[in-house]
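Biologist: Could you take me through this structure feature by feature, giving the general idea and then the case at hand?
Modeller: Gladly; let us put it on screen and begin with the core.

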Amino acid sequence: MPRIVAVKDNSESVAAMVYCAALMFWQVVPVFRITILLLLASLAGPAGAVSALEVSQAWVRGIPPGQDKSAAYMHLSNPSAQEQRIIAVRSPDARTVEIHESSESNGMWSMRRLEGLSLPAGGSVPLQPGGVHLMVFGIAHYPSEGDVLTFLLLLESGEEVVVKAEVSGPAGR
C-alpha cells in the first residue's frame, strides 16, 4: 500500500499526492478488471460450454378466426458433442404444446404425438409442414400475421431454450 508522506513545500505535497493517487489507481483498477472478468466468466457457464440447442427460422402458421390451434415450425441444431432431447414444450400464449409427426401411408395422412424429440450430437432436425412440428392448442388470443408467440423448449439436461416465432399467413410459407 502506498505511503503518504507529509512535506512542507506545497509543490512536493502535490507531487506526492499525484504519485500516491497513481499508485492506488494502478493497484486497484486491475482488481476491478479481474473481478469483472471473473463475474462474466461465471455467467457464461462452465469453461468450454456450448449451448445445447440452436434455433432458427421459427414461425407459426396463421389461423382463421374462430380456431384456437395451429402448428409451429423451426430448424433445431445441436452443436454439442452429446445427443440432446426435448422432453416438453410450453408456451405462455397457449394452453398446451405437443410435439407431433405427420406421415403419409397409402395416400392417407396421419399425425401422431411424440413423447420427445432427440437431436443427434452435431446434427439438426427440421420441424416442418408434413413432418415433425409443434401442435399449439388453446391459443390465448387470435394471432395476426406478424405477431410473435413464445415457446419454451425443455431439454432432458434441464436446460430451457426460449423460442420466439412469428405468425405467418394462413397459407404458411
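**Reading the core and its surroundings**

Modeller: In this predicted model, the largest nonpolar core holds 30 residues, and those that touch the most other members are Leu-76, Ile-86, Leu-134 and Phe-151.

Biologist: What is the general idea behind looking for a core of this kind?
Modeller: In soluble globular proteins, nonpolar side chains tend to be buried together. Here, buried residues account for 34% of the 173 residues in the protein, while the accessible surface comes to about 11,100 Å², with 58% of that area belonging to carbon and sulfur atoms.

Biologist: With which residues is Phe-151 in contact, leaving aside its neighbours within four places in sequence?
Modeller: The list includes Val-60, Ala-72, Val-89, Val-97, Leu-134, Val-136, Val-161, Val-163 and Ala-165, and also Arg-90 and Ser-91.

Biologist: How should I read the overall arrangement of elements, and how many helices and strands are there?
Modeller: One reads the order of the elements and then asks how far apart in sequence the contacting residues lie. The protein has one helix and 10 strands, and from the N terminus the helix comes before the strands, in the order α-β-β-β-β-β-β-β-β-β-β. Of the contacts between residues at least 6 apart in sequence, 64% join residues at least 24 apart.

Biologist: Why is strand E9 described as largely enclosed by the rest of the structure?
Modeller: Burial is counted residue by residue along the strand: six of the eight residues of E9, which spans residues 148–155, are buried, so the strand is largely enclosed by the rest of the structure.

Biologist: Which strands pair with E9, and in what sense?
Modeller: Strand E3 (residues 84–90) pairs with E9 in the antiparallel sense over four bridges, with Arg-90 having Leu-152 in E9 as its bridge partner. Strand E10 (residues 160–168) also pairs with E9 in the antiparallel sense, over seven bridges, and there Leu-154 has Glu-160 as its bridge partner. E9 and E10 form a hairpin with four residues between them, and Gly-158 in the turn has a positive phi of about 100°.

Biologist: Is Ser-70, in strand E2, buried or exposed?
Modeller: The cut-off for buried is under 20% relative accessible area, and Ser-70 counts as buried because its relative accessibility is 8%. Ser-70 belongs to strand E2 (residues 69–77), and a polar atom of the Ser-70 side chain lies 2.4 Å from the backbone oxygen of Arg-61. Not counting residues up to four places away in sequence, Ser-70 touches residues including Val-60, Ile-63, Leu-134, Met-135 and Ile-139.

Note on methods:
Residues numbered from 1 in each chain as written. Predicted model: local features only at pLDDT ≥ 70, side-chain atom pairs only at ≥ 80, totals over all residues. Heavy atoms only, no water. Core = buried A, V, L, I, M, F, W, Y, C linked by side-chain atoms within 4.5 Å. Buried < 20%, exposed > 50% of the residue type's maximum accessible area, 1.4 Å probe, protein only. Contact = heavy atoms within 4.5 Å. Helix = DSSP H or I, 4+ residues; strand = E, 2+ residues; numbered from the N terminus. Areas by Shrake-Rupley, 256 points an atom, 1.4 Å probe, with all protein chains shown as cover. Pairing = 2+ DSSP bridges. Polar contact = N/O pair within 3.5 Å; in protein donor to acceptor, adjacent residues only side chain to side chain.
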